Amino acid sequence: MGTDAATAAAAPGPLVSPVNSHNEWDPLEEVIVGRLDGAAFPSDHPVVTCNVPRWAGRVQGVVSGFSYPRMLVERAQRELDQFIVLLQSLGVTVTRPDAVDGRKRFGTPEWTSRGFCNACPRDSLLVVGDEIIETPMAWPCRYFETHSYRTLLKDYFRRGARWTAAPKPQLSEALYRPDYRTPAADEPMRYLLTEFEPVFDAADFVRAGRDLFVLRSNVTNGMGIEWMRRHLGPGYRIHEIESRCRTPMHIDTTLMPLAPGKVLVNPEYIDVDQLPDVLKSWDVLLAPEPDPIDERLLKLTSMCGKWLSMNLLMIDEKRVIADRHHTDTLRALERWGFEPIPCDLLHYAPFGGSFHCATLDVRRRGGLESYVD
């Protein structure tokens, strides 16, 4: 064998990225699930408290930086463990971030903060195709949150994934409006964030192949949306969703694509007539009113609104994991032709979400397509 032939034979083949996810519904093969270990209450910074009721904001100032009570953690952990077992029984590979200590203090030359938790990988990481993007989040307490995922990120990169970090924000006072107050229902919409620099949470985006839908919110500003638009380039289209919510944060309780041509929308937040034109040919499924939650402690500690009933995880185009508590949602999904898989995750709400928030789909079996006209 000649030298050139021997070199060619010994050379490794092209890397096949372990990261591949283009939409919310292709068959799920691998997912990151968040952790509760070391969770601490987030800071009482205005960007945190602006999205919670006023009384909750006052409580936030007292408990900020302290560990979550064991009772809250243990209830949520039991449900999270069962959720992981369910995913594995469905043939899905589950990976986890490293544990964190949310009580630790850190800072930059301009500010200091304690941490939070890594319960919701959907917020800090966005997967588009074979690329994982670390997002520039507006909460100071989440500034270094992606560090707990670095073991996974480095492994995915070594095996062929693309790994990008959006510009790290300064999070100086110039990013936040000092005179901000939540707009009333009859007032024009306004946001806490200025356009000082690009910031966004990954959970303000949902994907449908070449089309992504985004919610401008109190954690995602116009510059953040524009950064994503330029970064992804002309092969993708980003459509902004108009929400009637006065405290918008994260699109996955407002609008969720469930399958090609089927989108679940929140009738309280969305005017169907104002949806982007690219969705005019889709079946618009109106989410039923969430079942009420009577558990007082859960209502007092939840960081999320009542519409977590929409926070679903698609296993494929038919099978969908939904909370067992929300029976009206389960029945509606069945009427629409889906196969709901009931699971408990109601007590995850104090840590930031439910099934969609608690996961990041790293690999789905399918390629990049366009699903809109």
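Tryptophan 25 is buried in this predicted model, with a relative accessible area of 0%. Its ring pairs with that of tryptophan 282, which also counts as buried, at 6% relative accessibility. The pair belongs to a set of 14 aromatic pairs found in a search of the whole structure. The two ring centres lie 6.4 Å apart and the planes meet at 65°, so the arrangement is edge-to-face; the cut-off for that class is an angle over 60 degrees. Tryptophan 25 is placed in the loop between helix H1 (3-10) and strand E1 (28-33), and tryptophan 282 in the loop between strand E12 (262-265) and strand E13 (283-286), so the pair ties together parts that are 257 residues apart in sequence.

An edge-to-face pair is also formed by phenylalanine 200 and phenylalanine 205, because their planes stand at 75° with the ring centres 5.7 Å apart. Phenylalanine 200 is buried, with a relative accessible area of 0%, and phenylalanine 205 counts as buried at 2% relative accessibility.

**Further aromatic contacts**

Phe41, Tyr68, Tyr348 and Phe351 form one aromatic cluster. Charged side chains also meet aromatic rings in this model. Arginine 142 lies over the face of tryptophan 139, at 5.7 Å from the ring centre. In the case of lysine 262, the charged end sits over the ring of phenylalanine 338, at 5.0 Å from its centre.

**Nonpolar cores**

The largest nonpolar core has 48 residues. Val47, Phe83, Leu87, Ile321, Tyr348 and Phe351 are the residues with the most contacts inside this core. Two or more residues are given to the core by each of E1, helix H2 (46-49), helix H4 (70-89) and strand E16 (339-343). Of these, H4 gives the most, with seven residues.

Phenylalanine 351 appears both in the aromatic cluster and among the core residues with the most contacts. Leaving aside neighbours within four places in sequence, phenylalanine 351 is in contact with Leu36, Ala39, Tyr68, Leu72, Val73, Ala76, Phe116, Cys117, Ala119, Cys120 and Met303. A second, separate core of 34 residues includes Leu285, Leu312, Leu330 and Leu333.

**Helices H6 and H7**

In helix H6 (residues 150-158), the buried residues include Leu152, Leu153 and Tyr156. Seen down the axis of H6, the buried residues fall within an arc of 100°, so they line one face of the helix. Their packing partners are E1, strand E2 (93-95), strand E5 (125-128), strand E6 (131-134), strand E7 (162-165) and strand E17 (359-364).

Helix H7 (residues 222-232) has Gly224, Ile225, Trp227, Met228 and Leu232 as its buried residues. These fall within an arc of 155° when H7 is seen down its axis, so they too line one face of the helix. The buried residues of H7 pack against E5, E6, E7, E8, strand E9 (211-215) and E10.

**Positive phi angles**

Four residues with a positive phi are listed below. Two of them are glycines that follow the helices just described, whereas leucine 171 and histidine 250 are not glycines.

| Residue | Phi | Location |
|---|---|---|
| Glycine 160 | about 125° | just after H6 |
| Glycine 233 | near 80° | following H7 |
| Leucine 171 | about 55° | loop between E7 and strand E8 (205-208) |
| Histidine 250 | near 80° | loop between strand E10 (237-241) and strand E11 (255-259) |

Leucine 171 counts as buried, at 4% relative accessibility.

**Surroundings of histidine 250**

Histidine 250 likewise counts as buried, at 7% relative accessibility. Its side chain is joined to that of aspartate 201 by a polar contact of 2.7 Å. Not counting residues up to four places away in sequence, histidine 250 touches Asp123, Asp201, Ala203, Asp204, Leu215 and Val219. Histidine 250 thus combines a buried position, a positive phi and a polar side-chain contact with aspartate 201.

Definitions and conventions. Residues numbered from 1 in each chain as written. Predicted model: local features only at pLDDT ≥ 70, side-chain atom pairs only at ≥ 80, totals over all residues. Heavy atoms only, no water. Phe/Tyr/Trp six-rings, centres within 6.5 Å; stacked < 30°, edge-to-face > 60°. Buried < 20%, exposed > 50% of the residue type's maximum accessible area, 1.4 Å probe, protein only. Lys NZ or Arg CZ within 6 Å of the ring centre and 35° of its normal. Core = buried A, V, L, I, M, F, W, Y, C linked by side-chain atoms within 4.5 Å. Contact = heavy atoms within 4.5 Å. Arc of directions from axis to C-beta. Polar contact = N/O pair within 3.5 Å; in protein donor to acceptor, adjacent residues only side chain to side chain.
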